[in-house]
Amino acid sequence: MIYPYKDKEPKIADSAFIADFTTITGDVEIGEDSSVWFNSVIRGDVAPTIIGRKVNIQDNSVLHQSPNNPLILEDEVTVGHQVILHSCIIRKKALIGMGSIVLDQAEIGEGAFIGAGSLVPQGKKIPPNTLAFGRPAKVIRELTPEDIKDMERISREYAEKGQYYKSLQKKPE
């Protein structure tokens, strides 16, 4: 379901795939070739949420904000299943592992990988191209070329899957 909130209406690129049973409301922008998967919720009723190109937000994720603190996901970000993102910045090509939580004013560096089940506390900065894991998340190591290749594969496959599922959706007559 897509809902306006007061004077704000979601702006979703025509090429984006929005799965059934997803809720998007208010001041939300979703870029070209992005995908939002089943049962996810993106509420833009407090501050803006800006989602770039080729971003995938997997099933059961929740995206929200605090006053005057937008949520920003740059291009080619992967958000795993059941992730909570709240008023943070996720730089391009980063991957947020399943079940992770990233809190207000945290910043995940370009190409960084947050391991499954991690908690990135308020204001924490994760450097680019690193693996961070834990509760609270701590940098474990630099990413290997194999890690980066695998992250690129996941992003590419979700972009392809999104377009496949989009082709199955009924067009308005």
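Okay, let's start with a question: which residue forms a salt bridge with arginine 153, and how many ångströms apart are the closest N and O atoms? The partner is aspartate 150, and those two atoms sit 2.8 Å apart. One thing to keep in mind throughout is that this is a predicted model.

So where does that pair live? Arginine 153 and aspartate 150 both belong to helix α1, which covers residues 145-168. They are 3 residues apart there, so about one helical turn separates them. As for cover, arginine 153 comes out as partly exposed because its relative accessibility is 30%. Aspartate 150, at 36%, also counts as partly exposed.

Let's stay on the helix for a moment. Tyrosine 165 is in α1 as well, and with a relative accessible area of 33% it is partly exposed. Together with Tyr164 and Leu168, Tyr165 makes a nonpolar patch on the surface, and the three add up to about 330 Å² of accessible area.

Now let's zoom out. How many helices and strands does the protein have? The count is 1 helix and 20 strands. The radius of gyration is 15 Å, while the globule rule gives 16 Å for 173 residues, so the protein is as compact as a globular protein of that length. If you draw a box around the C-alpha atoms along the principal axes, you get roughly 50 × 35 × 20 Å. Of the 173 residues, 44% are buried. The accessible surface is about 8900 Å², and carbon and sulfur atoms account for 54% of that. And if you take contacts between residues at least 6 apart in sequence, 10% of them join residues at least 24 apart.

On to the strands. Eight of them, that is 8 strands, line up in an open sheet with mixed pairing, and the order goes β3-β5-β7-β10-β13-β16-β19-β20. The edges are β3 (17-18) and β20 (137-142); each has a single partner strand, so one side of each has no neighbour in the sheet. At the β20 end, β19 (residues 130-134) runs antiparallel to β20, and 5 bridges join the two. If you want a spot to click on, try alanine 132, whose bridge partner in β20 is valine 139.

Back to charges. Side chains of opposite charge can pair when their charged atoms come close. In this model we get 6 salt bridges in total. One of them joins arginine 91 to glutamate 74, at 2.5 Å from N to O. What I like here is where the two residues come from: arginine 91 is in the loop between β12 (89-90) and β13 (95-96), and glutamate 74 is in the loop between β9 (71-73) and β10 (78-79). That puts them 17 residues apart, so the pair links distant parts of the chain. Arginine 91 is partly exposed, at 26% relative accessibility, and glutamate 74 is partly exposed too, at 25%. There's a third member to bring in: Glu107 is linked with Glu74 and Arg91 in a network of salt bridges.

Last one: which residue's side chain meets aspartate 45 in a salt bridge? That would be arginine 43, with 3.0 Å from N to O. Buried or exposed, how does arginine 43 count? Somewhere in between: at 35% relative accessibility, arginine 43 is partly exposed.

That's my tour, thanks for listening.

Note on methods. Residues numbered from 1 in each chain as written. Predicted model: local features only at pLDDT ≥ 70, side-chain atom pairs only at ≥ 80, totals over all residues. Heavy atoms only, no water. Pairing = 2+ DSSP bridges. Helix = DSSP H or I, 4+ residues; strand = E, 2+ residues; numbered from the N terminus. Salt bridge = Lys/Arg side-chain N within 4 Å of Asp/Glu carboxyl O. Buried < 20%, exposed > 50% of the residue type's maximum accessible area, 1.4 Å probe, protein only. Patch = residues over 30% accessible without salt bridge, like charges linked within 9 Å, V, L, I, M, F, W, Y side chains within 5 Å. Areas by Shrake-Rupley, 256 points an atom, 1.4 Å probe, with all protein chains shown as cover. Rg over C-alpha atoms; globule rule 2.2 N^0.38 Å. Contact = heavy atoms within 4.5 Å.
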